[in-house]
Amino acid sequence: MKNKFPIVLYPILLAFSLFLFDKLFFLPVIVENTYSWKKIERKFYELKEDLFEVMLEESKKNPGKQIGLILGSSRSGEFDSEMVEEFFPNTNSFNFAAPFGPPSFQAYWLERVLATNLPIRYVLIEVDPLLFSKSAIDYSLNGSYDNLYVLEHLDFFRTKSKDPWTTHTKGFSIDEAEVYFLKKLFALYKYPLDPTAIKANNKEIEIGFFPGMSSGITGKEHKRGYIDKIKMVNRVKFGALPNEIKFANMDLFLERDAEAMYNQYLRGSSLAPTQIFFFKKMLHLLEGKGIPVIVYFPAVSEPLRRRMKTDGLLDRFNAEVRKEVEVVSHSPNSKFIVIDPNEDPNWKCKDFVDSLHLSGACFPNLLPILFPKSIR
């Protein structure tokens, strides 16, 4: 028996050793060399924690200023504090938008900001079918929430329903929570090894418009600089990242890109009950608080809008969103408004760099539509 006891321990010791070895791949120096320099999206999520700290510091420096809160995807990333202050004077607007930032991520930061008891002047919430799709949560599951938040909103007994709007749920599905915790615990699950990425990260990148001409910096150096830029933007623009692309892309490209977006995120799949739950949660968190809340359908290219309308998806989505907003609007001291620039005759500048993103030159036209006098 004495001889067999150590043998029983060998698998346990091996598993524990592998677990510890895996943790080495969480080290920043290893991540920088093994995870593709082109994958920058999750950094936008992770660095919202940095933006939150900036918000707290700025509030201490300028206690007389109110807080504006912008929640959404990269399509809302353009809105910076200086631009919005024209419509909400004496307000610092903090932009918590992230690539494909779904309602679950928006609700997480809304709750944290509300818990600070800072004076909130307005909240802008971006909504559309893409952000409510089942795959929109992928980026945010890389560790953008805290463990307790996921556990508190874990739905063990979700009832299945063909209609996601009527599905009874309490938050994250078991599958979503499993992915979240696996990425928290296992580095190689979060950062899978890719030999081509290792090579590319340490190779000098080419200048965009001149194939074959080196930029003089490696991929990982470029990414490092971009991360520094995001941190700088958190302090200078309060999280906003101005769209420096000012041109309009060709109609043929927009048609193809719209079809690709639809096929990747929306074709053959219903919306995610998880995201519908968190959207409703945000509305109820802001109900009766006297805070102006702008629920915003982002401007999208006509090809994508047309594609989303073919199967009734867009019309049903817009109707359900308006219905939910209508419910909370009846509560005393509630200030909600739904804005859809796609249907506003004042929206004239309709240049798009791809099917989702409006040209940076068009945002001055968009702002007065998003922030009407009736909500200020």
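Trainee: What gives the most to the lining of the largest cavity?
Mentor: That is α15, which supplies 3 residues of the lining, and both α14 (302-309) and α15 (313-329) contribute at least two residues each. Helices here are DSSP runs of H or I with at least four residues, strands are E runs of at least two, and both are numbered from the N terminus.

Trainee: Anything I should keep in mind about the model?
Mentor: This is a predicted model, in which local features need pLDDT of at least 70 and side-chain atom pairs count only at pLDDT 80 or more, while totals for chains, interfaces and linings use all residues. Residues are numbered from 1 along each chain as its sequence is written, and side-chain values use heavy atoms, leaving out hydrogens and water.

Trainee: OK, how many cavities are there in the whole structure?
Mentor: The search finds 2 cavities of 30 Å³ or more, a cavity being a set of points on a 1 Å grid over the protein atoms alone where a 1.4 Å probe fits but cannot get out, with lining residues having an atom within 4 Å of a point. The largest holds about 80 Å³ of space, a volume being the space filled by probe spheres set on the points, which are joined across faces, edges and corners.

Trainee: Which residues are closest to the centre of the largest one?
Mentor: Of its 13 lining residues, Asp128, Phe297, Pro298, Leu314 and Asn342 are the closest to the centre. By class, the lining has 8 nonpolar, 2 polar and 3 charged residues.

Trainee: And what lines the second largest cavity?
Mentor: Its volume is about 40 Å³, and its lining consists of Arg75, Tyr296, Pro298, Ala299, Leu356, Leu358, Phe363 and Leu366.

Trainee: Switching to the sheet, what is the strand order?
Mentor: The open sheet has 5 strands, with parallel pairing in the order β2-β1-β3-β6-β7. β2 (91-95) and β7 (335-339) each have a single partner strand, so each of these edge strands has one side without a neighbour in the sheet. Averaged over the sheet, neighbouring strands are turned by 15° against each other, direction ignored.

Trainee: How many bridges join β1 to β2?
Mentor: There are 5 bridges between β1 (residues 66-71) and β2, where pairing takes at least two DSSP bridges, and Leu69 has Phe94 in β2 as its bridge partner.

Trainee: What packs on those strands?
Mentor: Helix α4 (residues 48-61) touches β1 and β2, and its direction makes about 170° with that of β2; contact means heavy atoms within 4.5 Å. Elsewhere, α15 lies across β6 (292-296) and β7, at about 165° to β7. Such angles run from 0 to 180 degrees between N-to-C directions, on lines fitted to C-alpha atoms, for helices over the stretch in contact.

Trainee: Last one, where is Glu343?
Mentor: Glu343 sits in the loop between β7 and α16 (363-370). Not counting residues up to four places away in sequence, Glu343 touches Arg305 and Arg322. From Phe297, Glu343 is 46 residues away in sequence and 9.9 Å away in space, C-alpha to C-alpha.

Technical notes
On a 1 Å grid over the protein atoms alone, a cavity is a set of points where a 1.4 Å probe fits but cannot get out, and a pocket is an open set with protein on both sides within 12 Å along at least five of seven lines; lining residues have an atom within 4 Å of a point. Ala, Val, Leu, Ile, Met, Phe, Trp, Tyr, Cys and Pro count as nonpolar, Asp, Glu, Lys and Arg as charged, and the others, Gly among them, as polar.
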